[in-house]
Amino acid sequence: MDIKVGDILQLKKQHPCGSKEWEVLRVGADFRLKCMGCGHQIMIPRRQAEKNVKNVKSASNSAASNSV
Ligand SMILES: [Zn+2]
């Protein structure tokens, strides 16, 4: 699964705020995700993230200045 910074992940489980969409702030061994609904940030292991992802919306290339 190809997940990059700036992508929007749609998870199977929804956040208590009602949003299922999370913005990817950081990738690596752990992902840092920000809830699109309330702005809450979490860190979860990559494996767990990939297991819970239902859909990935790639960031538009305008915003993706991936120089990592
Ligand atoms: Zn939320």
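In this predicted model, the hairpin of E3 and E4 puts five residues between its strands, and one of the residues here, Gly39, takes a positive phi near 85°. Strand E3 covers residues 30–35, and its pairing with E4 is antiparallel, held over five bridges. One pair to look at across this hairpin is Arg32 and Met43, with Arg32 standing opposite Met43 in E4.

Stepping back to the whole chain, the protein has one helix and five strands. Read from the N terminus on, the elements go β-β-β-β-α-β, with the helix H1 taking up residues 46–52. The five strands make an open sheet, and its order is E4-E3-E2-E1-E5, with antiparallel pairing. At the edges stand E4 (41–45) and E5 (53–57); each has a single partner strand, so one side of each goes without a neighbour in the sheet. From one strand to the next, the twist averages 35°.

At the E5 edge, the partner is strand E1 (residues 8–11), and four bridges join the two strands, which run antiparallel. Within this pairing, Leu9 has Val56 in E5 as its bridge partner. As for burial, E5 has five residues and the number buried is zero, so the strand lies largely in the open.

Leu9 also turns up in the nonpolar interior. The largest nonpolar core has six residues in all, namely Leu9, Trp22, Phe31, Leu33, Cys35 and Ala49. Strand E3 gives the largest share of this core, three residues. As a bit of background, nonpolar side chains in soluble globular proteins tend to be buried together. Leaving aside residues up to four places away in sequence, Leu9 touches Ile3, Trp22, Val24, Leu33, Val53 and Val56. Among these contacts of Leu9 are Trp22 and Leu33, both of which belong to the core too. Over the protein as a whole, buried residues make up 9% of the 68 residues.

Back in E3, where Arg32 lies, the surroundings can be spelled out for that residue. Arg32 has 17 C-beta neighbours inside 10 Å, so it counts as partly exposed; the buried class would take 20 or more, and the exposed class 12 or fewer. Not counting residues up to four places away in sequence, the contacts of Arg32 are Leu25, Arg26, Gln41 and Met43. Met43 is thus on the contact list of Arg32 as well as being the residue opposite it in E4. Farther along the chain, Arg32 and Val5 are 27 residues apart in sequence, and their C-alpha atoms sit 9.3 Å apart in space.

The helix offers another case. Lys51 has its place in H1, and with 12 C-beta neighbours inside 10 Å, Lys51 counts as exposed. Its C-alpha atom is separated by 8.9 Å from that of Leu11, although the two residues are 40 residues apart along the chain. On the scale of the whole protein, take the contacts between residues at least 6 apart in sequence: 34% of them join residues at least 24 apart.

Conventions: Residues are numbered from 1 along each chain as its sequence is written. This is a predicted model: local features need pLDDT of at least 70, side-chain atom pairs count only at pLDDT 80 or more; totals for chains, interfaces and linings use all residues. Two strands pair if DSSP finds at least two bridges between them. Axes are lines fitted to C-alpha atoms, for helices over the stretch in contact, and angles run from 0 to 180 degrees between N-to-C directions. A nonpolar core is a set of buried Ala, Val, Leu, Ile, Met, Phe, Trp, Tyr and Cys residues joined through C-beta atoms within 7 Å. Two residues are in contact if their C-beta atoms, placed from the backbone, lie within 7 Å.
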